[in-house]
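Colleague: I'm new to this one. Please take a single part, the nonpolar residues, and walk me through it closely.

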Amino acid sequence: MLGKLFRQEVKSQGKTITGMYGVLAAATLLIIVLFQIGKFTDQRFFGTIFMMACIFYVISVIVVAVVNFIYLCFHFYKSMYSEQGYLTHTLPVKTTHILNVKVAVSFGYLFLTAILCLASFFIIGMAMEGISAGEIIAGIGKGIDEISKEVQVPVFVLVMFFILMAILGCLNALLMFFACSSIGQLFHRSKGACGIAAGIGLYYVSQIASLAAVLIGVLLTEAISAVPEFAWFMGGACLVALIWTVFYYMICRVIVKKHLNLE
């Protein structure tokens, strides 16, 4: 049943998400086609058209990322706490498993959105500059190697840090909004407004706590000079992001499991 629930969640969210991927693909293809056409047309006239297309592309990328994120948050709220939530919670699956499936699928789509947006940018660069994927990978590897030498951190550790922070960043953003939606359900009236207020409060608290963690990190760096400064930054950033991710998840889990209050 859990596998069936997972597949259904992927299919349910994918109807809208994949449509936005199509918009991204169309915008990417438009830039490449116009660039190729521009080689055989009047540069002065075509330059204006191409500039407008570039603006359209940037807007499209932003819209795809924002719309997908908003949709994932809305879908979570609708399928967990609105009228549709009654059907969701009648499934013969533990409530915690339902939450885990929704978080996992939402994270997968959001992370894939980020990867596709980056891939779109690189594909356009490859088409315009006439370079191969191997050359781009080699250039990125060279850049990471230089950063590694500058901050005195092994390349593997640096790459793992970037990957981990990307994963935690996506999870953190999603779970914060999921947690705000969950907190709003604790109130019998104005659940949406209470959820927004909770989000504002959580955001400010997280920022203050993060600044305090930075201050502690600076003090520890000065006290233990044997450890490179960037290593402290990496460890601290991962730890803070992980703590907030777990905190937001636990809010969702506790409310869904013990304080569920559907509309």
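Modeller: First, the word helix: it stands for a DSSP run of H or I at least four residues long, while a strand is a run of E of at least two, and both are numbered from the N terminus. The model is predicted, so to speak with care: local features need pLDDT of at least 70 and side-chain atom pairs 80 or more, whereas totals for chains, interfaces and linings use all residues. Residues are numbered from 1 along each chain as its sequence is written, and side-chain values use heavy atoms, with hydrogens and water left out.

The protein chain has eight helices and zero strands. Val67 sits in helix H2 and is partly exposed, at 32% relative accessible area (buried is under 20%, exposed over 50%, partly exposed in between, with a 1.4 Å probe and protein chains only). Val67 joins Met51, Ile55, Ile59 and Val63 in a nonpolar surface patch, about 430 Å² of accessible area together. Such a patch takes Val, Leu, Ile, Met, Phe, Trp or Tyr side chains within 5 Å, each residue with over 30% relative accessible area and no salt bridge (Lys or Arg side-chain nitrogen within 4 Å of an Asp or Glu carboxyl oxygen). Areas are Shrake-Rupley values with a 1.4 Å probe.

Now inside: the largest nonpolar core has 37 residues, with Leu72 among those making the most contacts within it. A core means buried Ala, Val, Leu, Ile, Met, Phe, Trp, Tyr and Cys joined through side-chain atoms within 4.5 Å. Helix H6 gives the largest share, nine residues. Leu72 touches Leu174 and Phe178, among others (contact: heavy atoms within 4.5 Å).

Key. Patches are made of residues with over 30% relative accessible area and no salt bridge: like charges are joined within 9 Å, nonpolar side chains (Val, Leu, Ile, Met, Phe, Trp, Tyr) within 5 Å. Lists of a residue's contacts leave out its neighbours within four places in sequence.
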